[in-house]
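Please keep the structure open in your viewer and follow the selections below in order. Each stop says what to select next and what is to be found there.

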Amino acid sequence: MNVTRLRPLLPLALLLPLATACGGAAGADDQGDAKTVTVTVGYQSKTINTVTAGTLLRSLGYFEEELAARGKRDGVTYRVVWQDYATGAPITAQMTAGKIDIGSMGDFPLLINAARGVQLKERTRLVSVTGYNPRGGLNTVVTAPGSPLRSLADLRGKKVSTSVGSAADGTLVRALQRAGIDPDKGVEKLNQQPSVGASALTSGNVDALSQFVAWPGLLAFQGKATALYDGAELNLPTFHGVTVREGFATRRPGVLDDFLRAQRRATDELRSRPVAAAESVAKETGLPAEVVYLYNGSQGIATFDPALRPELIAALKDDVSVLKAAGLVEDVDIDAFVDAAPLRRAVRESAYPKAGSARSELWLKGQGTTRTFTTPGELLKAVGEAGPDTVRAAYVPDAVTGTLWFADRAVWVTDGSGPRAFVTRSGAERYVSAHAGARIVGYTDALRAAS
C-alpha cells in the first residue's frame with residue numbers, strides 16, 4: 001500500500017478554519033453509554049446530487065427506521081445527528097477529528113478525504129456513490145448575462161471564482177488546460193465558497209464562476225448567469241459519494257449496512273417519484289424545485305445509483321494528478337480507499353441500468369408528473385400549445401453533450417433537420433460553423449417556428 005501524504009500548509013489553511021468554525025457531536029463510539037449510540041452524518045443540503053445520502057434521506061427518515069429496527073434486536077438506542085455544510089472540506093475536517101462518522105462529497109474532495117485520513121491516522125473508505133454524470137455535466141462555468149466572454153479561451157487574464165479542491169475546480173483546471181491556458185498563471189483564481197462566488201459574479205467582482213451542482217443551474221434559472229462552459233465537454237465522469245471512518249465501519253458494520261440500505265431506499269424513491277422528491281428537497285433547502293429537478297429529475301443531469309462503477313473509480317484515479325499538480329495531495333491509494341464490500345453486503349443488487357440519453361421534458365404548473373419528448377421540436381410545440389402561463393419548466397438536452405438545461409436559457413440553432421439546443425453559445429457556434437444553413441435563433445423564434 002502506498003503511503004498517502006498531503007503537503008501540510010495549504011490543506012491546513014483550507015480545512016482547519018472551517019473545522020473550528022463548526023462544532024459537532026462526537027462520533028458514535030466516542031460518547032454515550034453502552035445502551036445509546038450516536039451516529040453523526042455530514043452532508044451538503046444544497047449539493048443536491050448527494051440527496052440520497054443527505055437531504056432527501058434525512059427527510060424520509062429511512063436511516064432512523066433502519067436503526068430503530070436494529071435497536072429492537074440488540075437493545076440499543078440509536079440517535080442520528082445530521083450536520084449540514086456548504087462543501088466537502090469541513091466534513092473531511094470533522095471526520096479526521098473523529099466527530100463525523102459518515103459523510104458525502106464530490107470526487108475531488110473525496111480524494112482529499114482519503115489523503116487526510118491517512119495523514120491524520122483516521123482512515124476513511126469510499127463505500128457508495130450518490131449521483132453521477134458519465135461526461136462531467138455536473139460542473140459548469142458561468143458568466144454574468146451580457147458578458148463579452150463567449151468561450152473558455154476568453155477567460156485568459158480574467159478573474160474566476162471557484163472552490164479550490166472541489167470537483168468544479170477540477171473541471172476548471174482541466175478545461176483551461178485544454179484551451180491552452182495555464183490554470184495557475186493564465187487566470188486570476190479566487191478561492192471562494194459557492195455562495196460567495198455567486199455574489200461576486202452578480203456584483204461584477206469576478207468575470208466567471210466555476211461551481212458544482214446546483215449553483216450554475218440556480219443562477220441561470222434566476223437570470224443571473226449564462227453558461228460559458230459545459231463540464232460535459234470534458235467527457236470525463238464526475239460523481240459524489242459516501243465516505244465512512246474506517247474505525248467506525250469496523251466497530252459498527254451493521255450501522256453502516258443500515259445506512260447503505262437506507263440510501264438505496266432513498267434512491268428508489270427518487271427514481272420512482274422524481275417530481276415529489278424534487279419538491280421535498282426544494283422544501284428542505286429553499287432551492288427552487290425547478291432547479292432541483294434539472295439535476296435530479298427523471299432526465300436530469302445526475303443519475304442516482306449507489307454502485308461503485310468501474311468507470312467512476314477509474315476517473316477518480318485520473319483525478320489524483322490534478323490535485324497533485326495543485327499541491328493539495330502528494331499521492332492517494334485509490335484501491336485502498338474504495339471498499340465495495342459493505343454495499344455488496346447490505347444491498348443484494350446495488351446497480352441500476354446505466355444512464356441513457358436524456359430527452360426533452362415538460363413540467364406544467366399544478367402537475368405531479370412530467371411529459372417527455374423524443375426531439376426538442378416536439379417539446380417546443382408542446383410548450384406553444386400549453387401556453388407560457390401554464391409552463392412551470394421546460395428542459396432540453398444539449399445536442400452534443402446531452403447535458404439537460406432550461407429550454408428558455410439554452411442557445412437554439414435551427415437548420416433543415418429541426419431545432420437543436422445547446423447549453424453554451426460556443427457549443428452552438430461550433431455546430432453552426434460545421435453545418436451549412438444552420439443559424440442561431442432566440443427562444444421565442446424557436447417556439448414560433450415549431451408551432
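Begin by selecting Thr140 in strand β5 together with Asp230 in strand β9, since Asp230 is the bridge partner of Thr140. This is a predicted model, in which local features need pLDDT of at least 70 and side-chain atom pairs count only at pLDDT 80 or more, while totals for chains, interfaces and linings use all residues. Residues are numbered from 1 along each chain as its sequence is written, and side-chain values use heavy atoms, with hydrogens and water left out. Helices (H or I, at least four residues) and strands (E, at least two) are DSSP runs numbered from the N terminus, and two strands pair if DSSP finds at least two bridges between them.

Extend the selection to the whole of β5 (residues 139-143) and of β9 (residues 226-230), which run antiparallel and are joined by 4 bridges. Then add strand β8 (residues 208-212), which also pairs with β5 in the antiparallel sense, over 4 bridges; here Ser210 is the bridge partner of Val141. Is β5 buried or exposed? Taking buried as under 20% relative accessible area, exposed as over 50% and partly exposed as in between (1.4 Å probe, protein chains only), 5 of the 5 residues of β5 are buried, so the strand is largely enclosed by the rest of the structure. Both of its faces are covered, with Asn139, Val141 and Thr143 buried on one side and Thr140 and Val142 on the other.

Next, select helix α12 (residues 289-296), which is mostly covered, 8 of its 8 residues being buried; among them are Glu290 and Asn296. Keep Tyr295 displayed and add Ile48 and Trp412: of the 58 residues in the largest nonpolar core, these three touch the most other members. To this core α12 gives the most, with 6 residues. Another core lies apart from it, with 30 residues that include Leu111, Ala114, Val173 and Leu316. A nonpolar core here is a set of buried Ala, Val, Leu, Ile, Met, Phe, Trp, Tyr and Cys residues joined through side-chain atoms within 4.5 Å. Centre the view on Ile48 and, leaving aside its neighbours within four places in sequence, look for its contacts (heavy atoms within 4.5 Å), which include Val213, Leu287, Val291, Val292, Tyr295 and Phe304.

Move on to the open sheet of 3 strands, whose order is β17-β16-β18 and whose pairing is antiparallel. Its edge strands are β17 (418-422) and β18 (439-441), each of which pairs on one side only. The twist averages 40° from one strand to the next, where axes are lines fitted to C-alpha atoms, for helices over the stretch in contact, and angles run from 0 to 180 degrees between N-to-C directions. Strand β16 (residues 411-415) is joined to β17 by 5 bridges, and Asp415 stands opposite Gly418 in β17. Now add helix α17 (residues 425-434), which packs on the sheet and touches β16, β17 and β18, its direction making about 15° with that of β16.

For the aromatic residues, rings of Phe, Tyr and Trp (its six-membered ring) pair if their centres lie within 6.5 Å, with planes under 30 degrees apart counted as stacked, over 60 as edge-to-face and the rest as tilted. By this rule the count comes to 9 aromatic pairs. Select Tyr395 and Phe406, which form a tilted pair, 5.6 Å centre to centre and with 35° between the planes. This pair links distant parts of the chain, with Tyr395 in strand β14 (residues 391-397) and Phe406 in strand β15 (residues 404-406), 11 residues apart. Tyr395 is buried, with a relative accessible area of 0%, and Phe406 counts as buried at 2%. Widen the selection to Phe221, Tyr293, Trp363, Tyr395, Trp405 and Phe406, which ring pairs link into a cluster.

Finally, go to Trp82 in strand β2 (residues 77-84), which counts as buried at 11% relative accessibility. Trp82 and Gly42 are 40 residues apart in sequence, yet 6.1 Å apart in space, C-alpha to C-alpha. Leaving aside neighbours within four places in sequence, the contacts of Trp82 include Val41, Tyr43, Leu57, Arg58 and Phe63.
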